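Got your viewer open and ready? Let's take a short walk through this one, a stop at a time.

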Amino acid sequence: MTENTPDPGAAPKVPEPSGVDLARVALRAAKEQARARGDAAQQKKQARRGGGLRSGARADGRDPMALGAAINRLLTERGWESPAAVGGVMGRWPEIVGEDLAKHCVPLRYDDDPAERVLTVQCDSTAWATQLRLLAPELVKRLNQDLGHGAVRLIKVQGPGGPPRRFGPLRAPGSKGPGDTYG
């Protein structure tokens with residue numbers, strides 16, 4: 001193999017976290033260490049008193065927690081805040097973009113790769129796709145105000161798919177037909 005040819009057996013490179021992502025990871029690790037030190041000190045104190053872990057009037061790590069608190073803790077521990085927030089945006093799409101635009105344009109997917117952060121939206125006609133392309137910078141600002149700075153960097157707009165391509169006696173081989181003019 002040459003130097004520029006990638007090794008087909010090698011695993012794809014995972015981008016290194018940077019900026020805000022590194023700060024979140026460091027904060028999460030510091031919180032976990034502090035919690036572990038506090039738990040160890042509490043256990044040591046109770047052991048000196050002549051007993052193991054006891055239930056008391058104050059909350060500890062063994063107490064049940066509300067479902068919402070458990071989900072928020074899981075999202076924070078796993079670093080899923082941004083993908084969960086974008087998922088919420090997809091559920092609140094009509095509130096964010098307005099009823100008229102939401103009737104004709106739907107969010108398809110979100111690429112949460114830190115280098116990308118692209119929201120892909122499909123419109124039901126070329127006219128609405130053009131309208132959304134013109135509104136995209138304002139929509140990115142609105143989404144970032146709602147989700148946090150830098151959550152969405154680009155909105156990729158797709159037009160309608162059109163009817164299925166049929167091959168028949170009146171079609172030239174290899175032609176793609178009228179393309180994106182349906183809608």
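Here is a tour of the strands, a helix crossover, a core and one more helix. Keep in mind as you go that this is a predicted model.

**Stop 1: the middle of the strands.** Select residues 118-123, which make up strand β2. Five of its six residues are buried, so the rest of the structure largely encloses this strand.

**Stop 2: the hairpin.** Now add residues 105-111, strand β1. β1 and β2 run antiparallel, and six bridges join them. To see one pairing, click Asp111: its bridge partner in β2 is Val118. Then look at the six residues between the two strands of this hairpin, and pick out Arg117, which takes a positive phi near 55°.

**Stop 3: the other neighbour.** Select residues 154-158 for strand β3. In which sense does β3 pair with β2, parallel or antiparallel? The answer is parallel, over five bridges. Two pairings to try: Thr120 has Lys156 as its bridge partner in β3, and Gln122 has Gln158. To get from β2 to β3, the chain goes through helix α6 (residues 126-147), and this β-α-β crossover is right-handed.

**Stop 4: two faces of β3.** Stay on β3 and show its side chains. Ile155 and Val157 form the covered face. Leu154, Lys156 and Gln158 form the uncovered one.

**Stop 5: the core.** Next, select Trp93, Leu132, Leu139, Leu143, Val152 and Ile155. In the largest nonpolar core, which has 22 residues, these touch the most other members. Which elements each supply at least two of the core's residues? They are α4 (93-97), α5 (99-104), β1, β2, α6 and β3. The largest share comes from α6, with seven residues. A bit of background: nonpolar side chains tend to be buried together in soluble globular proteins.

Zoom in on Leu139 while you're here. Setting aside neighbours within four places in sequence, Leu139 is in contact with Trp93, Ile96, Val97, Leu132 and Ile155.

**Stop 6: one more helix.** Finally, jump to residues 67-78, helix α2. This helix has twelve residues and reaches 16 Å from its first C-alpha to its last, close to the 16 Å expected at 1.5 Å a residue. Move just past the end of α2 and you'll land on Gly79, where phi is positive, at about 75°.

Notes
Residues numbered from 1 in each chain as written. Predicted model: local features only at pLDDT ≥ 70, side-chain atom pairs only at ≥ 80, totals over all residues. Heavy atoms only, no water. Buried < 20%, exposed > 50% of the residue type's maximum accessible area, 1.4 Å probe, protein only. Helix = DSSP H or I, 4+ residues; strand = E, 2+ residues; numbered from the N terminus. Pairing = 2+ DSSP bridges. Right-handed = clockwise from strand over helix to strand, strands pointing away. Core = buried A, V, L, I, M, F, W, Y, C linked by side-chain atoms within 4.5 Å. Contact = heavy atoms within 4.5 Å. Expected span 1.5 Å × (residues − 1).
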